[in-house]
Amino acid sequence: MNIIPAELNAIAGQLQNYDAPEQTVQLDSNCKLTYEILQWAKTHPDGLTDDRPIGTVEISRYNKENGAEYQIVEKRNGGGREIYEATVTTARDERIGESITNWKLDWYQAETPDKRLIINGTVRESTIEMNADKKHLADTPISCQWILPFALANQTAPMDEAFTTIDELTYCKTDQLLHGPAQIEVRGQSLFSFRHTGYGTLPIHYVFDSQRRPIFVTFTLLSWILRDIESI
Amino acid sequence: MSQPNIVFIHTDQQHHLAISAYGNSDVSTPNMDRLIAEGMSFRQSYSANPVCCPARASWYTGRMSVEHGVISNPFPIDPNLPDLGQWLTAHTDYNCIYSGKWHVTGRDVANSFDVIYDRHPYGELQDSGAARAAAQYIAEHANDTRPFFLSVGLLNPHDCCYVCGVNGPVGKYGLEPQLSDLPDLPGNFDSVLMPPNQKHRVGHWSETDWRYYIYQCYRMVETVDAQIGLIYDTLENNGLIENTLIIFTADHGEGSGHHRRVLKGFFEEEAWAVPLVISQRGSIPNGQNDSHFISGVDIPATICDYASAPPLPETTYANSLRPFLEEHDDITWRESVIGENASAIAIRDDQYKSILYDSGQHTLYDLSNDPLEKHNLASEPGFDDVKHKHATHLAEYANTVIPYSGPDKTGERDRIREERMENLKQGNGWTEEVGS
């Protein structure tokens with residue numbers, strides 16, 4: 001019988017033997033998270049799943065005055081062997097912890113490293129500019145899937161905050177909502193999760209353990225599971 | 001004016017009304033809406049065959065399924081047929097570029113296009129990269145003197161196949177009670193046409209399960225909408241939007257709970273009808289064509305026309321849409337549209353739709369009075385004229401197409417050519433029902 005919470009259905013098989021890293025660090029310090037990216041492959045009649053590792057994501061956070069800088073490297077096999085290299089600057093935001101102020105994404109495929117899509121983003125007075133051309137209005141805080149694990153780590157009060165996400169620092173999506181935290185139980189362990197919904201977003205869950213470490217991020221067919229956490 | 005660039009963006013398995021500009025308040029598609037606001041919507045557009053591979057084979061050859069041989073996904077395409085990439089390369093100066101899902105059985109896309117991003121079986125892993133690769137290509141080649149034909153195969157909302165159990169259930173079942181904004185069930189939800197092969201997958205679903213399924217379909221549509229936005233913005237930011245013909249459509253629709261079905265492969269509107277929008281800022285008038293019946297094979301004919309290429313060879317059913325886009329006054333056009341798959345052939349006109357199954361079961365809908373297709377009139381008296389008219393159109397069709405006659409391991413294509421098409425030629429499509 002599948003007693004896995006809905007949030008973790010796609011990695012039900014992985015949960016059987018998952019051991020979180022031993023280290024604990026405060027996510028508002030200089031630190032680095034390393035996730036393995038899993039792709040759901042098959043669900044068995046007992047509800048357990050097979051998942052296929054398809055990449056890694058490393059997110060390094062450095063405290064800055066009134067905010068933070070993040071350095072991100074994600075490598076994953078989709079239609080191509082894709083590499084995302086990004087730098088993101090955030091400012092503290094009382095509504096969502098941190099809100100993006102600037103970023104640079106350098107995306108390419110491993111087979112064609114000379115063909116790069118570079119997106120420079122800036123937020124000025126509630127306007128998001130991408131490559132100095134495209135402008136999106138955003139009068140809500142701005143985040144993305146690489147920043148939210150940190151921004152939500154110290155969030156304990158119920159949330160119903162509208163925000164804008166820059167998915168993969170490429171796709172601007174307004175009218176996003178965060179719900180939670182909600183408590184869930186896995187193998188006798190209490191976890192808490194935030195649910196992210198909105199335009200163009202199948203529910204995403206950010207799942208934290210009792211030490212407030214974001215150990216799982218589940219999309220739909222894709223999931224991240226925490227493999228390392230360290231101070232830097 | 002120089003030859004326009006042509007960007008052909010196709011989604012996979014998108015219900016034709018899963019677009020906010022068409023009045024659907026359960027989905028938000030600002031980027032599709034932007035194309036619609038700038039271009040021409042064809043609101044009576046139909047897949048040549050509402051399954052992935054056959055529909056795509058028709059897009060790239062201009063031929064119907066019975067002609068190119070891909071009657072359903074496993075059947076390989078006639079290897080001798082040229083496809084759009086090969087044709088434009090041979091006859092024009094276009095750079096032919098492909099990003100994302102291809103899925104034409106039996107043909108390697110790399111033999112037809114320059115591939116800039118390969119396909120992956122899941123949209124969640126493919127589409128963002130396919131759109132980014134397209135954007136990268138557009139930006140890099142914005143100043144080229146040669147035009148490009150860029151085909152972008154976005155896979156979603158096709159991932160809905162994996163949340164309804166085609167390959168084992170995945171997703172977040174059990175989550176539904178936490179969501180407060182699930183869409184309502186469609187008006188024909190209780191007119192059940194669920195086929196046996198779907199019963200074990202979705203027959204046990206609660207109404208909330210169905211509503212969650214539809215919710216997910218809409219979120220996937222929105223995801224590809226954002227990706228379309230990246231491509232559009234890149235064209236605009238690089239000064240190409242006025243010299244680029246953008247064609248947006250889907251290979252087929254999606255059950256989405258209509259008739260309590262998921263997926264595709266049938267001829268009720270939810271699976272057969274597709275969105276189709278063509279835009280080019282400053283050249284194509286904004287408008288909506290809701291009176292002419294469009295087939296998927298008309299898209300390659302239109303692309304050849306705009307690329308100043310000769311029509312794809314021996315196409316029998318395809319017509320360029322350019323006269324509509326240039327607002328010609330004297331357009332002669334088909335009075336009905338025909339689709340076919342491995343088990344049936346369908347025809348619809350401005351009021352009626354006939355679906356003739358090879359098994360002998362037939363369906364007749366009066367779409368003017370029953371747009372949700374809740375009442376099968378096949379056995380009702382008083383429709384002999386409609387049946388006769390449809391049988392006549394189908395006979396003309398069967399006498400016009402050039403059926404695939406190559407190797408046929410399963411015999412299915414031989415059967416369709418020798419039994420279905422011969423039967424239609426004799427005007428026998430409706431004979432059993434008319435006489436019964």
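The radius of gyration is taken here over C-alpha atoms, and the rule for a globule is 2.2 Å times the number of residues to the power 0.38. By that rule a compact globule of 436 residues would have a radius of gyration near 22 Å, and the 21 Å of chain B agrees. The model is predicted, with pLDDT of at least 70 required for local features and 80 or more for side-chain atom pairs, while totals for chains, interfaces and linings use all residues. Residues are numbered from 1 along each chain as its sequence is written, chains are lettered from A in the order in which they are written, and side-chain values use heavy atoms, with hydrogens and water left out.

The C-alpha trace of chain B spans about 65 × 55 × 45 Å along its principal axes. Chain B holds 14 helices and 14 strands, taken as DSSP runs (H or I, at least four residues, for helices; E, at least two, for strands) and numbered from the N terminus. Of its 436 residues, 64% are buried, meaning under 20% relative accessible area with a 1.4 Å probe, protein chains only. Among contacts (heavy atoms within 4.5 Å) in chain B between residues at least 6 apart in sequence, 71% join residues at least 24 apart.

Helix α2 of chain B, residues 52-61, is a good place to look inside the fold. In this helix 10 of the 10 residues are buried, so it is largely enclosed by the rest of the structure. Among them are B:Cys52, B:Cys53, B:Trp59 and B:Tyr60. B:Gly62 follows α2(B) and has a positive phi, near 75°.

Turning to the partner chain, the contact takes 49 residues from chain B and 42 from chain A. Together the two chains bury about 3600 Å², 57% of it on carbon and sulfur atoms; this is the accessible area (1.4 Å probe) that two parts lose on being put together, summed over both. B:Glu124, B:Arg132 and B:Lys172 supply 21% of the area that chain B buries against chain A, more than any other three residues.

B:Arg132 also appears in a salt bridge, its side chain meeting that of A:Glu82 at 3.8 Å, N to O. The rule for such a bridge (a side-chain nitrogen of Lys or Arg within 4 Å of a carboxyl oxygen of Asp or Glu) finds 3 across the interface. Elements of chain B that each supply at least two residues of the side touching chain A include α1 (30-38), α5 (123-140) and α8 (207-237). Of the elements of chain B, α8(B) gives the most to that side, with 13 residues.

Definitions and conventions
Buried means under 20% relative accessible area, exposed over 50%, partly exposed in between (1.4 Å probe, protein chains only).
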